[in-house]
Amino acid sequence: MNRDIQRYTASERSNHWAVAILFVLAALSGLALFHPALFWLSQLFGGGPWTRILHPFLGLAMFLFFLWLAMRFARHNRFDANDRRWLRQWRDVVGNREERLPEVGRYNAGQKLLFWVLLLCMLVLLVTGFIIWRQYFSHLFGIELIRLASLLHAFAAWVLICSIIVHVYAGFWVKGSMGAMLSGRVSRGWARKHHAAWLKQVSPDEAKQR
């Protein structure tokens with residue numbers, strides 16, 4: 001344990017799980033309002049009226065917590081030449097041939113791509129959500145804009161849900177990733193295998209040992 005490396009602070013982990021919980025609640029309430037076949041999900045929130053009331057506030061809270069998270073990690077998610085090479089070698093990624101890939105920093109190109117997709121979806125959901133928020137803002141906009149915003153809101157939500165499913169799958173697929181977000185620490189072996197460049201940054205002695 002003394003040889004483990006801190007990957008996430010308690011504050012970062014709390015922020016992440018707050019976003020995760022709010023995402024689940026916003027997704028379930030949104031799906032309940034999306035199609036009559038899913039309206040039964042509204043019972044989780046006390047019925048249709050309460051679902052309609054709570055959904056926008058849940059979405060807004062999710063965005064604010066995610067924005068705080070994004071500001072913390074944006075600098076770690078900038079693309080560089082190694083990331084482009086990593087994406088070109090996607091067959092090695094899928095085949096789990098990590099020894100052929102360029103050394104990865106704190107996040108690999110797939111994680112960085114997911115980060116920016118999530119941020120874009122959140123921004124679209126925020127803007128369109130305000131436009132179609134009937135109780136407070138929708139009366140300020142024309143019906144054509146409201147219809148377009150509704151379509152964009154649903155599409156962005158669909159992309160966000162699919163992206164989170166990929167995120168969760170990857171978290172279980174790469175052994176040790178879930179533990180990192182639960183305990184905040186990873187082994188040096190895990191870091192050397194999956195994020196060698198990041199390990200050298202946080203532990204310069206590691207580069208001398210190799």
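## Overall picture

Of the 210 residues in the protein chain, 39% count as buried. Keep in mind that this is a predicted model. Along its principal axes, the C-alpha trace spans about 65 × 35 × 30 Å.

The chain has 10 helices and two strands, and reading along the sequence gives the pattern β-α-α-α-α-α-α-α-β-α-α-α. As for how the chain folds back on itself, take the contacts between residues at least 6 apart in sequence: 66% of them join residues at least 24 apart.

## The nonpolar cores

Start with the largest nonpolar core, which has 34 residues. Met62, Phe66, Leu160, Val186 and Ala191 are the ones with the most contacts inside it. Plenty of helices chip in: H1 (10-34), H2 (48-73), H5 (109-131), H6 (143-173), H7 (177-183), H8 (188-194) and H9 (196-202) each supply at least two residues of this core. Another core lies apart from it, made of five residues, including Trp86, Val93, Val104 and Ala109.

Back in the largest core, Met62 is a handy residue to click on. Setting aside neighbours within four places in sequence, Met62 is in contact with Val19, Leu22, Phe23, Met122 and Leu160. Leu160 also belongs to the group with the most contacts inside the core.

## Salt bridges

Searching the whole structure turns up five salt bridges. One of them pairs the side chains of Lys112 and Asp83, at 2.6 Å from N to O. Lys112 sits in helix H5 and Asp83 in helix H3 (residues 81-88), so this pair ties together parts that are 29 residues apart in sequence. Both Lys112 and Asp83 are buried.

Another joins Asp92 and Arg100 through their side chains, with an N to O distance of 3.4 Å. Asp92 has a relative accessible area of 11%, and because the cut-off for buried is under 20%, Asp92 counts as buried.

Then there's Glu103 with Lys200, whose side chains meet in a salt bridge at 3.1 Å, N to O. This one links distant parts of the chain, 97 residues apart: Glu103 is in the loop between helix H4 (90-94) and H5, while Lys200 is in helix H9. Glu103 is partly exposed at 35% relative accessible area, and Lys200 is partly exposed too, at 30%. For a sense of where Glu103 lies relative to the largest core, try Phe66: Glu103 and Phe66 are 37 residues apart in sequence and 28 Å apart in space, C-alpha to C-alpha.

## Arg7, a buried charge with no partner

Arg7 is worth a look. You'll find Arg7 in the loop between strand E1 (5-6) and H1. Arg7 is buried yet has no salt bridge. The nearest side chain of opposite charge belongs to Glu12, 8.8 Å away. A salt bridge calls for a nitrogen and a carboxyl oxygen within 4 Å, so that pair doesn't qualify.

What does Arg7 touch, once neighbours within four places in sequence are left aside? The contacts are with Glu12, Arg106, Tyr107, Ala180, Gly184, Arg185, Val186, Trp190, His195 and Trp198. Val186 from that list is also one of the residues with the most contacts inside the largest core.

## The second largest pocket

The second largest pocket holds about 1200 Å³ of space. Its lining counts 35 residues, and those closest to the pocket centre are Gly30, Leu33, His55, Ile132 and His153. H1, H2, H5 and H6 are the elements that give two or more residues to the lining. H6 gives the most, with 10 residues.

## An exposed Phe on H6

H6 also carries Phe155. At 51% relative accessibility, Phe155 counts as exposed, because the cut-off for that label is over 50%. Phe155 and Leu125 are 30 residues apart in sequence, and their C-alpha atoms are 9.2 Å apart in space.

Definitions and conventions: Residues numbered from 1 in each chain as written. Predicted model: local features only at pLDDT ≥ 70, side-chain atom pairs only at ≥ 80, totals over all residues. Heavy atoms only, no water. Core = buried A, V, L, I, M, F, W, Y, C linked by side-chain atoms within 4.5 Å. Buried < 20%, exposed > 50% of the residue type's maximum accessible area, 1.4 Å probe, protein only. Helix = DSSP H or I, 4+ residues; strand = E, 2+ residues; numbered from the N terminus. Contact = heavy atoms within 4.5 Å. Lys, Arg positive; Asp, Glu negative; His and termini not counted. 1 Å grid on protein atoms, 1.4 Å probe; cavity = no way out; pocket = protein on both sides within 12 Å on 5 of 7 lines; lining within 4 Å. Points joined across faces, edges and corners; volume = space filled by probe spheres on them.
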